[in-house]
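Please examine the sequence and the model shown below. The paragraphs that follow lead from a sheet to a single residue and then to the interior.

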Amino acid sequence: MILILIVLSVLGFALLNVFAKKSWQTAVSLVLGVVFVGSLVALMANLTYHFGMEKEVTSKTTALVSSGDSDAFDLLLYQPLGDGTEKVYLYKTDSAQEEPKQTGTDKVTNVVETGADSAQLTTDTTRWVYQNDVYRFLFGIADNDGEYVERTNTFAVPDAWEVLSVDQAKKLASLAEEQADTMKTEGQAYVQEKMQAALMADPTMDESEQQAKIAEYTAAYQAEAMKKLVEEAKK
């Protein structure tokens, strides 16, 4: 609509100035000139400074599953870019998902928060939208309604999750494979030692209680062993 207004005002201004013989025609031509200048300024302000528009933020929260394939622990992966200050995060929202999705790089900020009760991704997307239908009617031809501004991805993960780069994850997998036999032997010795101490403290422990203790000690060893491997992978 604003373009039509500009065209009509400039044509009217030109015609009235050419054929103007009465004072009212001159006055109208001046009004049309003001309309032309005002419309042109408003259009430029819209295109340059988003006049008549405001920023709108939409938020979407999605549950996450581990980006890795390990059953021992959950992972959130990232790929460093350039000097490492910028990162692309690789994430999954469904356990059946074969390949992880990745965050964008066009005006995107990624934040990782730990200590969450469950893993989830909250995406806040900011766009320019028109303040009301009047502005949309005037400047809609610019096709900038809903223009993308920026996006913030907030990854909230429990403390049990590990946040690793792709290379660190590969190193971790390699270390786990190399030390699998050693970890198995050490794990058995650890559980046996713990069970001996537990049976000495409570000789009346029945079979089901013993099995529960074995599962508890096995899980404790695996968690500690994997923690050491993760620390090694991060070096």
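In this predicted model, four strands form an open sheet in the order β1-β6-β7-β5, and their pairing is mixed. The edges are occupied by β1 (53–63) and β5 (108–114); each has a single partner strand, so one side of each is left without a neighbour in the sheet. From one strand to the next, the twist averages 15°.

Strands of a sheet pair through backbone hydrogen bonds, in either a parallel or an antiparallel manner. The antiparallel sense is found between strand β6 (residues 120–130) and strand β7 (residues 147–157), which pair over nine bridges. Within this pairing, D124 stands opposite T152 in β7.

Consider next S165, which lies in strand β8 (residues 162–165). Is S165 buried or exposed? Its relative accessibility is 8%, and a residue under 20% is classed as buried, so S165 counts as buried. Leaving aside neighbours within four places in sequence, S165 is in contact with L77, Y78 and P80.

One of these residues, L77, leads to the interior. The largest nonpolar core has 17 residues, and L77 is among those that touch the most other members, together with L75, L164, L172, M183, M226 and L229. Two or more residues of this core come from each of β2 (75–81), β3 (86–91), α4 (166–178) and α6 (207–233). The largest share, six residues, is given by α6. With neighbours within four places in sequence again left aside, the contacts of L77 are S67, V88, Y89, L90, L164, S165 and A169. Apart from this core lies another, of ten residues, including Y89, Y91, A119 and V157.

How values were computed. Residues are numbered from 1 along each chain as its sequence is written. This is a predicted model: local features need pLDDT of at least 70, side-chain atom pairs count only at pLDDT 80 or more; totals for chains, interfaces and linings use all residues. Side-chain values use heavy atoms; hydrogens and water are left out. Two strands pair if DSSP finds at least two bridges between them. Axes are lines fitted to C-alpha atoms, for helices over the stretch in contact, and angles run from 0 to 180 degrees between N-to-C directions. Buried means under 20% relative accessible area, exposed over 50%, partly exposed in between (1.4 Å probe, protein chains only). Contact means heavy atoms within 4.5 Å. A nonpolar core is a set of buried Ala, Val, Leu, Ile, Met, Phe, Trp, Tyr and Cys residues joined through side-chain atoms within 4.5 Å.
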